[in-house]
Structures are given as structure tokens and as C-alpha cells.
Amino acid sequence: MAKKEEDYEDQLDEILDDAEEKMNIPDELPVLMLRDIVVFPYMVVPLFVGREKSKNAIEHALSSHRMVLLLTQKKAEVEEPKQEDAYTIGTVALVMRMLKLPDGRVRILAQGMVRAKVEEMEEDGLFYKAKVSVLQDKEEAEPVLKTEALMRNVRGDLEKAAGLGKNLPPEVMIIAANVEEPGRLADLTASHLELKVSEAQKLLEMSDPGVRLLKVYNFLTNELELLDVQSKISTEAKGEMDKLQKQYFLRQQMKAIQKELGEGTEIQEEISGYQEKMKKLKVTAEVRAELEKQIERLTQMHPESAETAVVRNFLDWMFALPWNKTTVDNLDLIKAKSILDEDHYGLEKVKERILEYLGVRKLSKRIKGPILCFVGPPGVGKTSLGRSIARALGRKFMRMSLGGVRDEAEIRGHRRTYVGAMPGRIIQGIRRCGSNNPVFMLDEVDKIGADFRGDPSSALLEVLDPEQNNTFRDHYLGVPYDLSKAMFITTANLLDPIQPAFRDRMEVIHLPGYTEEEKLQIAVRHLVPKQIRENALSDKLIRFTRGAIQKIISLYTREAGVRNLEREIASVCRKVARKVAEGRTRITQITAQNVEKYLGPPKIFKDQLRKTDRVGVATGVAWTASGGELLFVESTMMKGKGGLLLTGSLGDVMKESAQAALSYARSHARDYNIDAKIFSQNDFHIHIPEGAIPKDGPSAGVTMATALISVFTGMKIKWDVVMTGEITLRGDVLPVGGIKEKVLAARRAGVTKMIMPRPNKKDLIDIPAQVRKEMDFIFVEHIRTVFEHALLIPPKDKDA
């Protein structure tokens with residue numbers, strides 16, 4: 001603040017010094033006569049000029065030195081003043097700006113510079129000119145004590161005046177606090193006092209700064225007295241007004257009280273309605289006590305008060321909740337199974353878990369609702385599965401998306417002290433359902449956010465804990481509500497973003513994605529009939545063959561779910577619908593041969609096996625979110641110094657697997673008749689095609705080892721064998737994940753023989769029986785066994 005004041009003062013001093021010292025005041029100046037205002041030195045004032053002589057004087061000043069002599073008229077009503085009509089002492093001012101107005105007047109911004117006295121004035125026809133002499137203040141040798149005290153009093157009274165409501169700009173207060181000359185302080189103060197013209201003119205004519213400051217102080221003291229009286233009058237007027245308003249409100253309250261004393265008023269009817277609902281409500285003692293307390297409060301409130309609306313809203317919410325309303329569960333397991341099978345193909349683990357719950361529910365009514373978490377890629381049917389579960393159980397279904405939720409109040413609600421407070425979305429959903437045992441789906445729990453407003457994941461811990469949610473306490477309700485009868489189902493694409501404590505509350509069921517056969521069945525049973533209906537077609541106008549659907553699945557979509565498959569089927573239906581709208585009446589057959597006519601060339605390149613045995617090219621399988629894929633590992637060697645080059649956008653784990661495979665080959669070179677000089681005289685390159693796609697994971701270890709041994713020994717690798725497994729430096733083959741997807745990818749590519757770690761044998765239970773029957777699985781524990789089945793000439797049988 002001090003810095004700003006110093007800058008402002010320096011700026012003002014610079015302007016005034018330039019004007020007063022660096023500019024010479026001419027002996028002759030054009031005269032501008034003013035009405036009702038006296039301009040003091042250092043005063044910046046806007047002036048409106050309308051008289052022709054005055055405008056001519058301004059134009060002359062602007063064309064020369066930009067200075068005019070400002071003289072005040074003795075009588076403001078004189079339209080054409082003469083020399084005798086104006087005071088002889090005025091202020092030389094600098095015209096800083098000029099603006100011509102549409103009505104012919106001129107607006108100028110003038111700044112007072114020094115006092116001046118008219119020695120001689122003459123009129124040349126256009127404007128008055130005056131010969132002037134500058135009046136300087138009497139200089140004191142040094143400030144006397146009395147003058148210093150007077151200056152302090154003036155500054156103090158200025159601050160008092162500002163505090164009493166006088167309009168004093170902050171800049172004036174800053175200048176007054178820093179100015180040191182008494183004359184300058186007097187002029188500054190006088191320019192902001194409401195003085196008569198005669199009083200202001202007398203001040204302007206005073207040349208003694210001390211006398212002038214004393215006179216200004218007297219005027220300022222009178223001004224303070226006036227402001228004080230004015231403030232008291234305003235306070236008394238306001239007090240009288242407040243008294244009248246108070247009387248008005250009291251009268252209105254009296255009317256309201258008299259109205260409430262009558263029978264059958266609106267508020268009384270509403271209270272009676274609450275009391276009737278209270279008698280029928282079966283709730284705990286704590287909830288009943290809170291309801292009785294709020295109803296009692298309502299009886300003592302004014303109907304139009306803001307608090308009344310808050311209490312009414314609370315009571316409406318409390319009585320609208322299904323405290324003891326429960327839907328009857330469908331305990332017919334056969335019927336429930338048929339409903340689940342009707343809505344969804346596959347997903348046996350999920351269906352089995354629901355039927356288990358129903359079985360226990362049929363035997364015991366005290367079982368708490370399970371809290372399931374469906375984890376899987378998009379489009380596998382997590383949300384629609386929740387609806388099917390609700391239909392199978394005969395319950396209401398409620399879905400709440402948690403994606404992007406960051407505020408804890410979204411879950412627990414707002415406290416009633418806030419304006420517009422409401423319960424959390426859990427309680428809102430229960431109210432909309434109308435029953436206390438719905439199937440409540442919380443979608444996208446892996447996308448919950450957290451910020452300064454709280455952590456919704458932590459708030460959900462109470463909701464999803466079977467040991468705690470029977471007394472869930474919403475901030476708005478303030479009383480416990482039993483959520484244990486509800487069946488909560490959450491969905492997520494990934495488990496990693498979910499907090500460990502939150503994840504621990506839920507029973508996780510993985511939905512890995514559909515096989516091509518499952519997608520075919522889903523399309524035939526659900527997607528094709530749905531899209532035919534939605535595009536206003538019928539079975540008499542369009543028909544899909546199984547071959548067409550199979551081609552769409554394999555060549556136009558690559559996903560774990562069926563969303564893109566449904567979009568492609570919808571695209572075909574729209575094109576047929578257009579033809580029908582143009583007049584086509586016969587049925588349209590969609591076959592594998594004419595699918596490209598509707599969908600264009602294939603969008604997916606199917607994995608193609610190279611049906612030749614080659615050196616250094618091994619076939620592996622990889623897991624992706626949209627299913628399994630073949631993975632071709634190519635290796636070669638060239639002259640060098642034993643370096644290992646890895647390309648194909650490989651991740652750190654895959655690079656380590658390649659290094660482990662090379663180290664195994666070097667340490668067991670003698671076992672496979674490999675010349676040890678190969679490793680020091682050559683560089684080795686491992687490449688996995690489709691380099692734009694990042695790849696990582698340990699399951700390609702055996703594939704890389706096989707490719708390297710093939711290069712070192714010159715043995716060819718069988719083209720019809722795929723393999724997967726992690727390798728150690730000792731040659732052990734460790735188990736890997738994603739076996740179901742990898743087996744299906746191999747089968748889809750036409751492979752009938754697959755090498756996998758022996759511990760993964762248990763995972764074949766998830767493989768469809770038909771696929772298990774068609775394929776030959778070779779279970780291995782050591783890399784030697786892999787070489788025996790993958791290489792055309794088996795290596796020497798010797799312990800590693």
C-alpha cells in the first residue's frame with residue numbers, strides 16, 4: 001500500500017512540476033469565465049463550455065500554449081459577462097483534454113496550476129484576453145509548530161469526514177497524508193468542500209498559506225458538524241423506519257396467529273396428515289422419536305417461514321421412504337434360471353451365483369443381500385445382467401452411475417442446515433423404487449473421483465458392508481436406514497483403480513468376454529431380432545444366415561463384448577430398411593458372400609498361419625482385452641559381438657523374458673550341440689510383428705526360447721504348433737493367465753496342437769467341451785519338452 005501511495009504522489013508531483021516550473025506562464029492568456037465554481041491550484045476539474053467566446057478562448061489555448069485564465073463570475077445569471085462582472089484574481093489552468101459534444105458544447109478537462117491576477121483585460125471580438133501576473137504564496141523560513149498542528153488537524157478531520165459519508169476519493173486522502181506545504185493542503189481541502197462562491201473566492205485571494213489553511217480548517221469544522229447532524233438524522237429516520245417495519249411484521253404475525261386459531265387451516269390439515277401416517281408407519285423407536293419431534297416443531301412454526309419449508313420437506317422425504325415395504329422374491333429356481341437363460345447366453349458363473357443365493361433365500365429369510373462386483377471389458381453385458389437378475393428375483397431395479405462422482409454428499413446426502421439440501425443418491429434411489437429390497441446397481445465404481453469435497457469410495461464402504469449397512473445414516477435424514485435387504489451389484493472395467501478396502505467389501509466375478517461361438521448365439525437369439533424390430537423390419541423382409549453373422553464377428557469386429565457387433569448388424573438393417581422404403585417387397589438374404597456389399601471390405605485382418613516350417617519363426621498366443629490373438633516371434637542372428645536387439649514395441653517384462661531365453665541358451669549350449677563361439681561372434685535380433693501395438697507380459701518366454709534355439713541349431717519349427725508359458729533361467733516353464741482366450745484364438749486360427757504349462761491344466765475347465773475335443777494339448781514343465789514337440793529334429797535328451 002505504501003508503495004502505491006508513493007508512486008501516485010510521485011506521478012502527481014511530476015505533472016505539476018512540469019506544468020509550473022518547466023512551462024513558463026505567458027504574460028497574456030485567454031480568459032474563460034465560470035459560473036458557480038472556483039478552481040484552485042492543483043485541482044483537476046471537468047468543465048462544459050457553451051458560450052462562443054469561451055469556446056474561442058479554448059481553441060486559441062489549444063493552438064498555442066494550452067493555458068487559460070479561469071475567472072469566476074460575480075453573478076452566475078449574467079449570460080454575457082463583461083470585465084467588471086468577474087473577479088480579478090483567478091487560476092491559470094492547463095487544458096489537458098477536449099471533447100466536442102453533439103449539442104455543440106465542448107467538454108474540457110482542466111488542471112489548476114497557479115494563482116494569477118488580472119492586470120489588464122481586453123476583448124478582440126472573439127474572446128477576452130488578459131495580461132496577468134502570477135501570485136506566489138508567502139514563503140516561511142521553516143514550518144512553525146502551530147502550522148504543523150493545524151495541518152494534522154485538517155488531515156484528521158478529512159478522515160472523519162470520509163468516515164461520516166463524505167465523498168472523498170482515496171487519491172485525495174493519499175495526497176493529503178503526504179503533502180507538506182500548508183498552502184497546497186489548504187487548496188486541496190478547499191476544492192473538496194461545499195463552499196459558496198464568495199467564500200471560495202476569498203480563500204483563493206489569500207496569499208498567506210497559514211491564514212488560508214486556518215480559514216479552510218474552520219470551514220472543514222463546520223462541514224464536520226453538518227455531516228454529524230446529517231448522520232444522526234439518517235440514523236433516526238432509519239430507526240423510525242425499522243420501527244414501522246417491526247410493527248408491520250408484528251401485525252402480520254398477529255393475523256397469522258388468529259388464522260391458526262381457526263379450525264381446518266392448510267397447515268393444520270397437513271399436520272393431521274403427518275400424524276395419521278405416523279400411526280400406520282412401522283419404524284424403529286429412534287426414527288419415530290425424530291418424526292414426532294419434527295411434527296411438534298411444525299405445529300409451533302409460522303406457515304410462511306423458511307424453516308417451515310425445511311421441516312415439511314424433511315417429513316415428506318421420511319414418509320415417502322419404503323421403511324417396511326418389501327417386494328416378494330421369486331423363489332422358484334427353475335423359473336429364475338429360465339429367465340436368466342432367456343436374457344443372456346453363457347455367463348454360467350454369474351447365473352450359478354444368483355441361483356445359489358435364491359436357494360439359500362428359500363431356506364432362510366434372514367440371509368443378507370450379496371454384494372457382487374462384475375468386472376470385465378465394455379460391452380459384455382454387465383449392466384443388462386443386473387436387470388435380468390432383478391427380473392429373475394421379481395424385484396425392483398435401480399441403477400446409479402458413479403462415473404465422475406467426486407462429492408461425498410452424492411452418497412451420504414447434505415446436512416439439513418444447507419439451503420436446498422437433499423438426501424444422497426442411495427436414499428433417492430430407494431425412494432424411487434418404492435421398496436427396501438431392490439436390486440441396486442452401482443455402475444462404473446472404478447471411475448469414482450476424489451477431491452477436497454471428500455472421497456465417495458470411502459463413503460460407499462458403509463453402504464457395501466453387510467455388517468454396517470443395516471444402520472446406514474444419511475446426513476439429511478439423520479436417522480439409520482436399513483440397506484441390508486437390498487442386493488447391491490457393482491460394475492467395473494478394471495479392478496486396479498478400486499481402493500483395496502472398497503474392493504474387499506465385494507464378491508468379485510470376472511466376465512472375461514465372449515467366444516466367437518457365444519457371440520454367434522447372442523447375435524442369433526438377441527441382437528438380430530432386436531435390430532430387426534428397431535429398424536421397422538420383419539422376418540419376411542430380412543434374414544441373416546449364420547455364415548453372415550460369423551463373418552461379421554470375425555472380420556468386422558474385434559472386441560470382448562458385442563456392442564460393435566450390434567452396430568454392424570444395425571448398419572445392415574438400415575440399408576435394407578432404405579430399400580424397403582424405396583419399394584422393395586421381397587426378402588433380403590444376408591449371407592457370407594454378400595456381407596461386404598453392405599459393410600464394405602473387412603475391417604479386421606484375421607490371424608493367418610504360415611503353413612510352412614521355418615527356422616527362427618515360432619507361433620505363440622497373447623491375451624488382449626478383446627480376446628486372444630496369435631503372436632509370431634521372429635529371430636535371427638548376424639555378425640556382431642553378442643548383442644541382443646529387441647523390436648516390436650515390447651514391454652519391460654517381455655524384454656526380460658527374451659534376455660532369460662538367451663541366457664538359458666548360452667548356459668545350455670553344449671546340451672543342444674551349439675558352438676559357444678556363436679554367442680561372441682554374432683548379434684541376435686528378436687522381432688514381434690505389428691510393431692505399432694505395445695506388447696508386454698511373461699507368457700512369450702517359451703516362444704522366444706524356441707525361436708532362438710531354432711536359429712542356433714538350424715532346426716525348423718513346426719508351423720501347426722502354438723505355445724505359451726513363462727521361462728526361468730533353469731528352463732522351468734511357469735503357468736500364465738488368459739488360457740481360455742488363448743485357446744480360443746488358436747482354435748480360431750485353425751491350430752489343433754497347443755503347448756502350455758502343466759499347472760494350467762486346471763484352466764481347461766473353462767474351455768467349451770467341443771473345443772477341448774478338437775484340440776491336442778501338450779502340458780510341459782521344462783523347456784526341453786517344448787523343443788521336443790515344436791522342433792522337427794528333437795534336441796539331445798540330456799538333463800539341463
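Before we look at single residues, let me fix one term: a residue is buried when its relative accessible area is under 20%, exposed when that area is over 50%, and partly exposed in between, using a 1.4 Å probe and protein chains only. What I am showing is a predicted model, in which local features need pLDDT of at least 70 and side-chain atom pairs count only at pLDDT 80 or more, while totals for chains, interfaces and linings use all residues. Residues are numbered from 1 along each chain as its sequence is written, and side-chain values use heavy atoms, with hydrogens and water left out.

Let me start with the whole chain. Of its 800 residues, 47% count as buried, and its secondary structure comes to 27 helices and 24 strands, where helices (H or I, at least four residues) and strands (E, at least two) are DSSP runs numbered from the N terminus. The radius of gyration, taken over C-alpha atoms, is 47 Å, whereas a compact globule of 800 residues would have one near 28 Å, by a rule of 2.2 Å times the number of residues to the power 0.38. Along the principal axes, the C-alpha trace spans about 130 × 95 × 70 Å.

Which helix might we pick as an enclosed one? Helix 5, residues 182-190, has nine of its nine residues buried, so it is largely enclosed by the rest of the structure. Among those buried residues are R184 and D187.

Now to the salt bridges, each being a side-chain nitrogen of Lys or Arg within 4 Å of a carboxyl oxygen of Asp or Glu; by this rule the count comes to 26. In one of them, E342 pairs with R391, the closest N and O atoms being 3.8 Å apart. Because E342 lies in helix 11 (residues 333-343) and R391 in helix 13 (residues 382-393), this pair ties together parts that are 49 residues apart in sequence.

In another, E507 and R353 have their closest N and O atoms 2.7 Å apart, and the pair links strand 13 (residues 507-510) with helix 12 (residues 348-363), 154 residues apart. Here E507 is partly exposed at 31%, while R353, at 18%, counts as buried.

Finally, E568 and K603 meet at 2.8 Å, N to O, joining helix 20 (residues 563-581) to the loop between helix 21 (595-599) and strand 16 (617-624). Is each partner buried or partly exposed, and what is its relative accessibility? E568 is buried at 10%, whereas K603 is partly exposed at 47%.
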